[in-house]
Amino acid sequence: MRLADLLVLDRVSLDQTISSKKSLLEQAASLLGSAPDAAPGRDIFQGLCQRERLGSTGLGHGVAIPHCRVEQPGAVGALLRLKRPIDFDSPDAEPVDLFFALAVPSSCSEAHLKLLAGIAELFSDPDQRERLRSLETSDELLRVLDEQDP
C-alpha cells in the first residue's frame with residue numbers, strides 16, 4: 001500500500017495549535033475516525049493511548065508516528081503538522097511538530113510493519129522533513145507524498 005493512498009485532504013491538518021500529547025492523540029483519533037469504514041474515534045484514541053503507554057512513538061528529529069490496531073477493515077492515515085512543537089517523549093528529547101498517525105486492522109501484521117517502515121523512511125530524510133515543514137497547503141503535501149511512493 002502506498003502512503004499517499006492512506007491520506008485524503010480531510011485527514012491532513014496543517015499548522016494546528018495543540019499543547020499536549022493527549023490533545024494531539026485526540027485530534028489524530030478524530031481525523032482517523034472520520035475515514036469511511038474506520039473504527040470510532042474514541043476506539044482509535046484508546047488504541048493510540050495504549051500504544052503510547054508501551055513506549056513513545058516519537059522517532060526523533062521532531063517526528064512521531066502514533067499508531068494502533070483497531071477493529072476496522074483497512075488501514076487509514078492522518079498527517080498533522082503543528083505550529084509549535086510539543087513534548088512527545090521522543091528518544092532525542094526534541095519536541096515534535098510532524099505526526100503521521102496510523103490506524104490499521106487488528107488482524108494486520110506484515111502490512112502494518114511495512115507501512116510503519118515506509119513512513120519512518122520518509123521522515124528519516126532531513127531534506128524531506130524540512131520540505132514537509134515548509135509546504136503551505138495540504139494539496140502540496142499530498143503531492144509530495146505521492147512523489148515519494150515507488
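How many aromatic pairs does the count come to? The count comes to 1 aromatic pair, where rings of Phe, Tyr and Trp (its six-membered ring) pair if their centres lie within 6.5 Å. This is a predicted model, in which local features need pLDDT of at least 70 and side-chain atom pairs count only at pLDDT 80 or more, while totals for chains, interfaces and linings use all residues. Residues are numbered from 1 along each chain as its sequence is written, and side-chain values use heavy atoms, with hydrogens and water left out.

**Overall form**

The protein has 5 helices and 6 strands; these are DSSP runs numbered from the N terminus, with helices being H or I of at least four residues and strands E of at least two. Along the sequence the pattern reads β-α-α-β-β-β-β-β-α-α-α. A compact globule with 150 residues would have a radius of gyration near 15 Å, and the 14 Å of the protein agrees with this. That radius is taken over C-alpha atoms, and the globule rule is 2.2 Å times the number of residues to the power 0.38. Taken along the principal axes, the box filled by the C-alpha atoms is roughly 35 × 30 × 25 Å.

Of the 150 residues, 49% are buried. Buried means under 20% relative accessible area, exposed over 50%, and partly exposed in between (1.4 Å probe, protein chains only). Contact means heavy atoms within 4.5 Å. Among contacts between residues at least 6 apart in sequence, 70% join residues at least 24 apart.

**The cores**

A nonpolar core is a set of buried Ala, Val, Leu, Ile, Met, Phe, Trp, Tyr and Cys residues joined through side-chain atoms within 4.5 Å. The largest one has 26 residues, of which Leu24, Ile44, Phe88 and Phe99 touch the most other members. Two or more residues each come from helix 1 (21-33), helix 2 (41-54), strand 4 (67-70), strand 5 (76-86) and strand 6 (96-105). Helix 1 gives the largest share, 6 residues. Apart from neighbours within four places in sequence, Leu24 is in contact with Ile18, Pro66, Leu80, Leu82, Ile86, Phe88 and Phe99. A second, separate core of 24 residues includes Val63, Ile65, Phe100 and Leu115.

**The aromatic pair**

Phe88 and Phe99 form the pair, which is edge-to-face, at 5.0 Å centre to centre with 70° between the planes. By plane angle, under 30 degrees counts as stacked, over 60 as edge-to-face and the rest as tilted. Phe88 lies in the loop between strand 5 and strand 6 while Phe99 is in strand 6, so the pair ties together parts 11 residues apart in sequence. Both rings belong to buried residues, Phe88 and Phe99. Lys21 lies over the face of Phe88, 4.7 Å from the ring centre; this requires NZ of Lys or CZ of Arg within 6 Å of the ring centre and within 35 degrees of the ring normal.

**Residues with positive phi**

Asp37 and His61 are residues other than glycine, each with a positive phi.

| Residue | Phi | Place | Relative accessibility |
|---|---|---|---|
| Asp37 | near 65° | loop between helix 1 and helix 2 | 60%, exposed |
| His61 | near 60° | loop between strand 2 (58-60) and strand 3 (63-64) | 45%, partly exposed |

**Pro126**

Pro126 lies in helix 4 (residues 126-134). With a relative accessible area of 46%, Pro126 is partly exposed.
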